[in-house]
Amino acid sequence: MKQKNKYRSEWECPSNIALIKYWGKKTPQLPLNPSVSFSLQNAKTKTSIEIPQSNNRKVEFIFEGKSSAFGERIRNYFDVLAKDEKWLNDFSFHIESSNTFPHSAGIASSASAFGALALCLTDLKNQVEENEVSTSNFFSKASELARLGSGSACRSVYPQFAIWGEFAEISGTSNHHAVPVSENIHADYFTLHDAILLVDSTKKKVSSSAGHQLMNDHPFREARIKQANNHTHEILQAMKTGDHEQFFKITEKEALSLHSMMMTSEPPYLLLHPNSLAIIRKIQDFRRQTNLPVGFTIDAGPNIHFLYFEKDKNEVHRFIKNELMKFTENGNWLDDQIGNGPKKLKE
Ligand code: PMV
């Protein structure tokens with residue numbers, strides 16, 4: 001073990017939005033099906049971890065200057081990691097974190113939060129254990145550690161597009177970590193924007209982890225796994241050739257399928273809001289009327305992610321302001337876009 005007075009790491013990591021959805025898992029946080037996403041540019045978490053000189057194992061978590069309820073989840077996360085990462089048992093950790101997006105916005109921050117934490121921990125592991133993780137494995141290791149905090153977080157450690165879960169057509173894909181999948185993709189997709197229309201920021205009634213559990217005995221479990229695999233094949237084909245119609249068709253089917261799984265689980269539940277549906281209708285009408293390549297996706301919540309290409313930005317923004325803003329909570333929406341992935345900050 002390297003002898004040093006102080007270890008420190010600081011990273012910024014984006015959130016990501018899935019096109020093909022991860023829904024349902026096996027222990028230890030392994031997905032039932034492959035998922036495909038892109039990293040965002042603006043919605044990020046910045047995290048620093050310092051190892052103060054101390055012998056007691058303690059994990060202290062400060063979020064935007066205050067101690068936070070999320071600290072308990074992080075302490076549990078450290079307990080899970082420490083089963084394999086024995087070095088974690090030898091130190092105390094002082095963690096400070098902040099988000100670039102408003103806390104109350106109703107945007108899931110666990111992907112960027114666990115992405116940033118996992119990048120710091122991989123970096124600290126290298127400092128403590130003298131470059132245990134080779135440069136070529138750094139991000140897949142960080143992805144694996146992020147996965148154990150929040151499944152979808154494992155896709156956030158890469159720029160642009162990532163795939164998580166074994167997928168026979170792409171070698172190197174794994175259930176344990178995500179891999180980048182930005183080759184063989186038509187240039188238009190690197191100009192994707194995601195206007196996040198915030199419909200309702202109240203805390204959701206059923207958490208994602210409870211939702212994943214309900215897939216275990218779901219009557220449509222096998223059909224959903226098959227569909228997600230087919231959609232993965234179809235969307236990657238569409239993205240290779242630049243078939244935008246097919247791209248948005250699959251993306252929207254995935255979003256609706258995710259919510260259908262929730263509506264048909266035992267017990268069933270509903271996360272969509274009447275205004276989520278109003279926005280979906282408006283987007284479909286807008287597409288019909290303008291013939292522009294646009295579409296929507298939805299996470300496990302009521303907010304609508306309106307996807308469009310850079311070249312159509314002015315027209316889309318006018319449409320959002322005139323037609324969609326009235327369905328959002330207090331006129332709240334965030335304009336985000338495909339991003340360049342995480343960044344290491346100062347030593
Ligand atoms: O990462 P989790 O456990 O919060 O699961 C989230 C899953 C979805 O966001 C609904 C879909 C996805 O693939 O990101």
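**Ligand, strands and rings in a predicted model**

Thirteen is not a long list, and five names lead it: of the 13 residues around the ligand, Tyr22, Ser152, Arg155, His212 and Asp299 come nearest. Here a residue is near a molecule or strand if one of its heavy atoms lies within 4 Å of it. This is a predicted model, in which local features need pLDDT of at least 70 and side-chain atom pairs count only at pLDDT 80 or more, while totals for chains, interfaces and linings use all residues. Residues are numbered from 1 along each chain as its sequence is written, and side-chain values use heavy atoms, with hydrogens and water left out.Next come the atoms that meet the ligand. A polar contact is a pair of N or O atoms within 3.5 Å; within protein, one must be able to donate a hydrogen and the other to accept it, and residues adjacent in sequence count only if both atoms are side-chain atoms. The side chain of Arg155 has an N or O atom 2.7 Å from an oxygen atom of the ligand. For the side chain of Ser150, the distance from an N or O atom to a ligand oxygen is 2.9 Å. Gly151 takes part through its backbone, with an N or O atom 3.5 Å from an oxygen atom of the ligand. The protein buries 91% of the 380 Å² that the ligand exposes when taken alone. These areas come from the Shrake-Rupley method with a 1.4 Å probe; for residues, only the protein chains shown count as cover. The shell around the ligand has five nonpolar, five polar and three charged residues. In this scheme Ala, Val, Leu, Ile, Met, Phe, Trp, Tyr, Cys and Pro count as nonpolar, Asp, Glu, Lys and Arg as charged, and the others, Gly among them, as polar.

Now turn to strand 1. Helices (H or I, at least four residues) and strands (E, at least two) are DSSP runs, numbered from the N terminus. Strand 1 spans residues 7–20, and 14 of its 14 residues are buried. Buried means under 20% relative accessible area, exposed over 50%, and partly exposed in between (1.4 Å probe, protein chains only). Two strands pair if DSSP finds at least two bridges between them. Strand 1 pairs with strand 4 (residues 35–51) in the antiparallel sense, over twelve bridges. There, Ala18 has Ser37 as its bridge partner. Strand 1 also pairs with strand 14 (residues 343–344), antiparallel, over two bridges. Trp11 has Lys344 of strand 14 as its bridge partner.

The rings come next. The structure holds 21 aromatic pairs. Rings of Phe, Tyr and Trp (its six-membered ring) pair if their centres lie within 6.5 Å; planes under 30 degrees apart count as stacked, over 60 as edge-to-face and the rest as tilted. Tyr77 and Phe78 form an edge-to-face pair, 6.2 Å centre to centre with 85° between the planes. Tyr77 is buried at 3% relative accessibility, and Phe78 is buried at 0%. Phe161 and Phe190 are also edge-to-face, at 5.7 Å and 75°. Phe161 sits in strand 8 (residues 161–164), and Phe190 lies 29 residues apart from it, in the loop between strand 9 (178–180) and strand 10 (192–197). Phe161 is buried at 0%, whereas Phe190 is partly exposed at 26%. Ring pairs also link Phe61, Phe63, Phe70, Tyr77, Phe78, Trp87, Phe93 and Phe114 into a cluster.

Last, the backbone. Most residues other than glycine have a negative phi, and most peptide bonds are trans. The bond from Thr27 to Pro28 is cis, with omega near -5°. The bond from Glu266 to Pro267 is cis too, with omega near 0°. Asn184 has a positive phi of about 60°. Asn184 is exposed, at 59% relative accessibility. Asn330 has a positive phi near 50°. Asn330 is exposed as well, at 71%.
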